[in-house]
Amino acid sequence: QVQLVESEGGLVQAGGSLRLSCAASRSISSASAMGWYRRAPGKQRELVATITSDSNTNYADSVKGRFIISRDNGKNTMYLQMSSLKPEDTAVYYCKAEYRAVITGDYWGQGTQVTVSS
């Protein structure tokens with residue numbers, strides 16, 4: 001019903017920056033909330049950041065002050081700007097969209113690999 005496609009991640013040196021995007025096949029104006037999650041090797045998937053329809057944001061303590069989540073309704077795209085990257089940020093990053101209006105349901109992207117070298 002709704003497809004989410006993340007941009008390609010990449011290999012970044014510690015202290016570097018990387019911007020991820022998540023494009024939705026349908027309007028995100030009807031998405032009540034969107035977010036980014038990640039799964040590091042050998043660990044469970046964890047919340048990174050969320051953003052609501054009124055642009056309220058929440059961040060995991062581990063990324064506060066380093067990551068910024070945003071959304072562009074006109075482009076049907078959500079972003080995660082990552083800076084001051086650390087090796088512990090190495091993970092597969094997933095975007096999620098929560099629809100509670102015309103379209104109802106939770107949808108996930110397939111994930112994109114981000115690797116931070118020490």
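Student: What makes E5 and strand E6 a pair?
Tutor: Two strands count as paired if DSSP finds at least two bridges between them. E5 and E6 (residues 57–59) share three bridges in the antiparallel sense, so the condition is met. One of the bridges sets Ala 49 against Tyr 59 in E6. This is a predicted model, in which local features need pLDDT of at least 70, side-chain atom pairs count only at pLDDT 80 or more, and totals for chains, interfaces and linings use all residues. Residues are numbered from 1 along each chain as its sequence is written, and side-chain values use heavy atoms, with hydrogens and water left out.

Student: Why is E6 (residues 57–59) called a strand?
Tutor: A strand is a DSSP run of E with at least two residues, whereas a helix is a run of H or I with at least four; both are numbered from the N terminus. E6 covers residues 57–59, so E6 satisfies the length condition for a strand.

Student: Which residue in the hairpin of E5 and E6 takes a positive phi?
Tutor: Four residues lie between the two strands, and Ser 55 has the positive phi, near 70°. Ser 55 belongs to the loop between E5 and E6 and is a residue other than glycine.

Student: How do you know that E4 and E5 are joined?
Tutor: Six bridges link E4 (residues 31–39) to E5 (residues 46–52), and the two run antiparallel. The bridge count meets the pairing condition, so E4 and E5 are paired strands. Ala 33 stands opposite Thr 52 in E5. The hairpin has six residues between its strands, and Gly 42 takes a positive phi near 75°.

Student: Why is Ala 40 called buried?
Tutor: Buried means under 20% relative accessible area, exposed means over 50%, and partly exposed lies in between, using a 1.4 Å probe and protein chains only. Ala 40 has 16%, so Ala 40 is buried. Ala 40 sits in the loop between E4 and E5. Not counting residues up to four places away in sequence, Ala 40 touches Thr 90 and Ala 91, contact being heavy atoms within 4.5 Å. Ala 40 and Thr 90 are 6.2 Å apart, C-alpha to C-alpha, and 50 residues apart in sequence.

Student: Where does Ser 84 fall on that scale, at 41% relative accessibility?
Tutor: The value is between the two limits, so Ser 84 is partly exposed. Ser 84 lies in the loop between E8 and E9 and has a positive phi of about 50°, although it is not a glycine.

Student: How do you know that Cys 22 and Cys 95 form a disulfide?
Tutor: The criterion is a pair of cysteine sulfur atoms within 2.5 Å. The sulfur atoms of Cys 22 and Cys 95 are 2.1 Å apart, so the pair qualifies. The pair links distant parts of the chain, Cys 22 in strand E3 and Cys 95 in strand E9, 73 residues apart. A search of the whole structure finds one disulfide. Both Cys 22 and Cys 95 are buried.

Student: Is the disulfide of Cys 22 and Cys 95 right-handed or left-handed, and why?
Tutor: The torsion about the S-S bond is about 60°, so the disulfide is right-handed.

Student: What makes E1 and E7 edge strands?
Tutor: The open sheet has four strands in the order E1-E3-E8-E7, with antiparallel pairing. E1 (4–6) and E7 each have a single partner strand, so one side of each lacks a neighbour in the sheet. Inside the sheet, E3 and E8 run antiparallel and are joined by six bridges, with Leu 80 in E8 as the bridge partner of Leu 20.

Student: Why is Thr 77 called buried?
Tutor: Its relative accessible area is 8%, so Thr 77 counts as buried. Thr 77 is found in strand E8. Its side chain reaches the backbone oxygen of Lys 75 at 2.8 Å. Leaving aside neighbours within four places in sequence, the contacts of Thr 77 include Cys 22, Ile 28 and Arg 71.

Student: What makes a set of residues a nonpolar core?
Tutor: The members are buried Ala, Val, Leu, Ile, Met, Phe, Trp, Tyr and Cys residues joined through side-chain atoms within 4.5 Å. The largest such core has 32 residues, and those with the most contacts inside it are Trp 36, Leu 80, Met 82, Tyr 93 and Tyr 99. E9 gives the most to this core, with five residues.

Note on methods. A polar contact is a pair of N or O atoms within 3.5 Å; within protein, one must be able to donate a hydrogen and the other to accept it, and residues adjacent in sequence count only if both atoms are side-chain atoms.
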